[in-house]
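I am opening a notebook page on a structure I have not looked at before. My plan is to go from the overall fold to the details.

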Amino acid sequence: QALSYREAVLRAVDRLNEQSSEANLYRLLELDQPPKADEDPGTPKPVSFTVKETVCPRPTRRPPELCDFKENGCVGTVTLDQIKDPLDITCNEVSGPLLVSSC
């Protein structure tokens, strides 16, 4: 059974947390629009989403959805062309509503 776009993204976030060397878990912050539904369902589609660092340390294995976002935590966008792509995040520290600087 095919996953919904949101379910696929949540699985990718789980993979990101498994592979990450960061101290804290990341949680889905924003989901980009899914690709058009009229395309061939058998063709892999790009997935793009934004995650933000939470207050939960990775070793707790707590579901990220239960973790609060870390104030001024890192925010990063992840784009996957295929689910096999290595997950990497370029992280930005949010210092204000519209101000973004490198971590």
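The entries below record what I looked up, in order.

Entry 1, source. I note that this is a predicted model.

Entry 2, secondary structure. I counted the elements of the protein chain and got 1 helix and 5 strands. I then read them along the sequence and wrote down the pattern α-β-β-β-β-β.

Entry 3, burial and surface. I looked up the chain length, which is 103 residues, and found that buried residues make up 31% of them. For the exposed surface of the protein chain I have about 7000 Å², with carbon and sulfur atoms supplying 50% of that area.

Entry 4, contacts. I took the contacts in the protein chain with a separation of 6 or more and asked what share comes from residues 24 or more positions apart. I noted 53%.

Entry 5, disulfide. How many disulfides does the count come to? I get 1 disulfide, taking sulfur atoms within 2.5 Å as the cut-off. The pair is C56 and C67, whose sulfur atoms lie 2.1 Å apart. I placed C56 in strand β2 (residues 47–57) and C67 in the loop between β2 and β3 (74–80). The two cysteines are 11 residues apart, and the pair links distant parts of the chain.

Entry 6, handedness. Why do I call the disulfide left-handed? I looked up the torsion about the S-S bond of C56 and C67, which is about -110°, so the disulfide is left-handed.

Entry 7, cysteine environment. Are C56 and C67 buried or exposed? I have both C56 and C67 down as buried.

Notes: Residues numbered from 1 in each chain as written. Predicted model: local features only at pLDDT ≥ 70, side-chain atom pairs only at ≥ 80, totals over all residues. Heavy atoms only, no water. Helix = DSSP H or I, 4+ residues; strand = E, 2+ residues; numbered from the N terminus. Buried < 20%, exposed > 50% of the residue type's maximum accessible area, 1.4 Å probe, protein only. Contact = heavy atoms within 4.5 Å. Areas by Shrake-Rupley, 256 points an atom, 1.4 Å probe, with all protein chains shown as cover.
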